[in-house]
Amino acid sequence: VVSHGALAQGLVSAMEKVLGPQRGVFPLSNSGKSPAALEAEIEALVTREPAGSDVYLLSDVQGGSCATTCLRAARRVGVRGVFYGTNLTLLLEFVLHRDLPREAFFEALVTKGRNAVSGVLLEPEPTTPAR
Amino acid sequence: VKVLLYRVDDRLIHGQVVLGWGRRLGPDRLVVVDDRIAADPWERELLAAAAPPEVRAEFLTVAEASRALSGDGGPGAALVLLESPAAALALTRAGFSIPELNLGGLHREEGVQLTPYLFVTREDAGVLAELAAAGTRLYALDVPDGRRLAGEDLLRVLRSAFDGGGG
């Protein structure tokens, strides 16, 4: 999970609060790092996994420097996919659906992550006039 | 070409540039000046994908940029993006003098940290001093509403960072 600031660390921490400690999920921040340094960290983590492992990169905003750096790293080392716009739902689904076939896995994560963004508009409470 | 901002940023086209500066200044073009990227179709496509659809991303060599910025350079308003101070100096040496240069993002593992987003090596400091001597006004600022470090204050910080064997 690769993000600006502390987002990745926060997402992984929140995910583990829900599902418990997980193998193979690592947060990385770009804070204070050049794109080349962040890319080297990603590559080091990816190449540490056993040969033949399916590795995915979950980045934050599409078009941001983290996503761009993920794509550069993915081109150099074996990565099965890069996600953008990672939210807590997408990360939870990632952990829960790791056994799905690749296409179904990708589709499930993107759909659930996208559908998780919603909300409700509320009318303001009428205020009591001041005495 | 009307240039709204000259910026040194090792991430080139990314959120701060597109959202922070782009929404504030409203450019039509993002012009990346870099010999290596101009010659690399994959890297050009990658960075162009980070630009919003209504803003055109362009990739020029230093020589092309010097000509375009000195002459007409086409319509529209541009943000000019450079990966390092050395790239700005290359543009100056190619014959185009940058009037004002925003230092918006420079991350060096071996450098001295001046601001949360600005790390410089002794070599960077020398290049920035050379740019200042050539008449380029320098200021450090990551996002439009951030805290600006400019002019003599910036040069003093740069000098003091490398006094006494630091860096």
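Colleague: Why is the crossing of α4(A) and α5(A) called right-handed?

Modeller: A crossing takes this name if the near helix is turned clockwise from the far one, by less than a right angle. For α4(A) and α5(A) the crossing is right-handed. This is a predicted model, in which local features need pLDDT of at least 70 and side-chain atom pairs count only at pLDDT 80 or more, while totals for chains, interfaces and linings use all residues. Residues are numbered from 1 along each chain as its sequence is written, chains are lettered from A and ligands numbered from 1 in the order written, and side-chain values use heavy atoms, without hydrogens or water.

Colleague: What makes α4(A) roughly antiparallel to α5(A)?

Modeller: The axes of α4(A) and α5(A) cross at roughly 150° and come within 8 Å. An angle over 145 degrees counts as roughly antiparallel, so α4(A) is given that description relative to α5(A).

Colleague: How are α3(A) and α3(B) oriented to each other?

Modeller: Helix α3 of chain A (residues 65–76) and helix α3 of chain B (residues 41–48) have axes that cross at roughly 150° and come within 10 Å. They are therefore roughly antiparallel, and their crossing is right-handed.

Colleague: What lines the largest pocket?

Modeller: The lining has 24 residues, with A:Gly24, A:Asp54, A:Val55, A:Tyr56 and A:Phe94 nearest the centre. A lining residue has an atom within 4 Å of a pocket point. In chain A, α2 (35–48), β3 (56–58), α4 (88–96) and α5 (102–115) each supply at least two of these residues. The space in the largest pocket is about 520 Å³.

Colleague: How many residues of that lining are nonpolar, polar and charged?

Modeller: The lining of the largest pocket has 17 nonpolar, two polar and five charged residues. Asp, Glu, Lys and Arg count as charged, and Gly is among the polar residues.

Colleague: What is known of the second largest pocket?

Modeller: The second largest pocket holds about 290 Å³ of space. Its lining has 18 residues, and those closest to the centre are A:Pro35, A:Ala36, B:Asp10, B:Arg36 and B:Glu83. Two or more lining residues come from α2 of chain A and from α2 of chain B, and α2(A) gives the most, with three. The lining divides into four nonpolar, three polar and eleven charged residues.

Colleague: How confident is the predictor in chain B?

Modeller: The mean pLDDT (a confidence for each residue from 0 to 100) of chain B is 93, and 98% of its residues reach 70 or more. Among the elements of chain B, helix α2 (residues 35–38) has the highest mean, 98, and helix α7 (residues 151–161) the lowest, 88. For the complex, the predictor gives an ipTM of 0.85 and a pTM of 0.90.

Notes: Helices (H or I, at least four residues) and strands (E, at least two) are DSSP runs, numbered from the N terminus. On a 1 Å grid over the protein atoms alone, a cavity is a set of points where a 1.4 Å probe fits but cannot get out, and a pocket is an open set with protein on both sides within 12 Å along at least five of seven lines; lining residues have an atom within 4 Å of a point. Grid points are joined across faces, edges and corners, and a volume is the space filled by probe spheres set on the points. Axes are lines fitted to C-alpha atoms, for helices over the stretch in contact, and angles run from 0 to 180 degrees between N-to-C directions. Angles under 35 degrees count as roughly parallel, over 145 as roughly antiparallel, 65 to 115 as roughly perpendicular and the rest as oblique.
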